[in-house]
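Let's take a walk through a protein chain together. Have the sequence and the 3D view open, and follow along at your own pace.

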Amino acid sequence: AVHSIGNLLVVPVKFNGEILGDKPFAQKKTLLIKHGYALEPEISAAVNWTDAEIGQRTTRLAEYAYDMVWAIK
């Protein structure tokens with residue numbers, strides 16, 4: 001789940017590597033907010049960020065992409 005789309009946020013590579021690194025999820029959330037990154041409600045509300053949460057977000061993002069981004073109308 002680490003390398004799935006549900007576990008990705010759009011942040012600069014340097015910020016991800018030098019600031020976030022392998023810190024615990026709660027600490028990453030605090031740092032993202034402190035540095036002005038808006039978090040999606042599901043990430044903001046999450047207490048833990050496990051394979052289950054990542055899987056749910058992956059499914060939601062895939063459904064959104066299918067229905068809205070790549071939809072043929």
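What follows goes from the inside of the chain to its charged links and then to its surface. Keep in mind that this is a predicted model.

Start with the core. In general, nonpolar side chains in soluble globular proteins tend to be buried together. Here the largest nonpolar core has 11 residues. If you want to pick them out in the viewer, they are Val11, Phe15, Leu20, Phe25, Leu31, Leu32, Leu39, Ile43, Ala46, Trp49 and Ile54. Which elements give two or more residues to this core? Those are H1 and H2. The largest share comes from H2, with 3 residues.

Now for the aromatic rings. A search of the whole structure turns up 2 aromatic pairs. One is made by phenylalanine 15 and tyrosine 37, with 5.0 Å from centre to centre and 45° between the planes, so it counts as tilted, since stacked needs under 30 degrees and edge-to-face over 60. Phenylalanine 15 sits in helix H1 (residues 13-20), while tyrosine 37 is in the loop between H2 and H3, so this pair ties together parts that lie 22 residues apart in sequence. Are the two partners buried or exposed? Phenylalanine 15 counts as buried because its relative accessibility is 9%. Tyrosine 37 has 25%, so it counts as partly exposed.

The other pair is phenylalanine 25 with tryptophan 49, and this one is stacked: the centres are 5.6 Å apart and the planes 15°. Phenylalanine 25 belongs to helix H2 and tryptophan 49 to the loop between H3 and H4, so here the pair ties together parts 24 residues apart in sequence. Both phenylalanine 25 and tryptophan 49 are buried. Take a moment to look around tryptophan 49. Setting aside neighbours within four places in sequence, tryptophan 49 is in contact with Gly6, Asn7, Phe25, Glu42, Ile43, Ile54 and Arg57. Two of those names, Glu42 and Arg57, come back in the next part of the tour.

On to the charges. The structure has 4 salt bridges. Which residues are linked in a network of salt bridges? They are Glu40, Glu42, Arg57 and Arg60. Let's go through some of these links. Glutamate 40 pairs with arginine 60, and their closest N and O atoms are 2.4 Å apart. Since glutamate 40 is in the loop between H2 and H3 and arginine 60 is in helix H4, this salt bridge ties together parts 20 residues apart in sequence. Glutamate 40 counts as partly exposed because its relative accessibility is 26%. Arginine 60, at 35%, counts as partly exposed too.

Arginine 60 also meets glutamate 42 in a salt bridge, again with 2.4 Å from N to O. Glutamate 42 lies in helix H3 and arginine 60 in helix H4, so the parts tied together are 18 residues apart in sequence. Glutamate 42 has a further partner, arginine 57, at 4.0 Å from N to O. That link joins helix H4, home of arginine 57, to glutamate 42 in helix H3, with their positions 15 residues apart in sequence. With 29% relative accessibility, glutamate 42 counts as partly exposed.

Arginine 57 deserves a stop of its own. This charged residue has a relative accessibility of 4%, so it counts as buried, the cut-off being under 20%. What is arginine 57 in contact with, leaving aside its neighbours within four places in sequence? The list runs Ile5, Gly6, Asn7, Leu8, Leu9, Glu40, Glu42, Ile43 and Trp49.

Finally, come out to the surface. Alanine 38 lies in the loop between helix H2 (25-34) and helix H3 (41-45). Its relative accessibility is 78%, so alanine 38 counts as exposed. To get a feel for distances, compare alanine 38 with alanine 62: they are 24 residues apart in sequence and 21 Å apart in space, C-alpha to C-alpha.

Nonpolar side chains turn up on the outside as well. Tyr64, Met68, Val69 and Trp70 make a nonpolar surface patch of about 510 Å². One of them, valine 69, is in helix H4, which covers residues 51-69.

Terms used
Residues are numbered from 1 along each chain as its sequence is written. This is a predicted model: local features need pLDDT of at least 70, side-chain atom pairs count only at pLDDT 80 or more; totals for chains, interfaces and linings use all residues. Side-chain values use heavy atoms; hydrogens and water are left out. Patches are made of residues with over 30% relative accessible area and no salt bridge: like charges are joined within 9 Å, nonpolar side chains (Val, Leu, Ile, Met, Phe, Trp, Tyr) within 5 Å. Accessible areas come from the Shrake-Rupley method with a 1.4 Å probe; for residues, only the protein chains shown count as cover. Helices (H or I, at least four residues) and strands (E, at least two) are DSSP runs, numbered from the N terminus. Buried means under 20% relative accessible area, exposed over 50%, partly exposed in between (1.4 Å probe, protein chains only). Rings of Phe, Tyr and Trp (its six-membered ring) pair if their centres lie within 6.5 Å; planes under 30 degrees apart count as stacked, over 60 as edge-to-face and the rest as tilted. Contact means heavy atoms within 4.5 Å. A nonpolar core is a set of buried Ala, Val, Leu, Ile, Met, Phe, Trp, Tyr and Cys residues joined through side-chain atoms within 4.5 Å.
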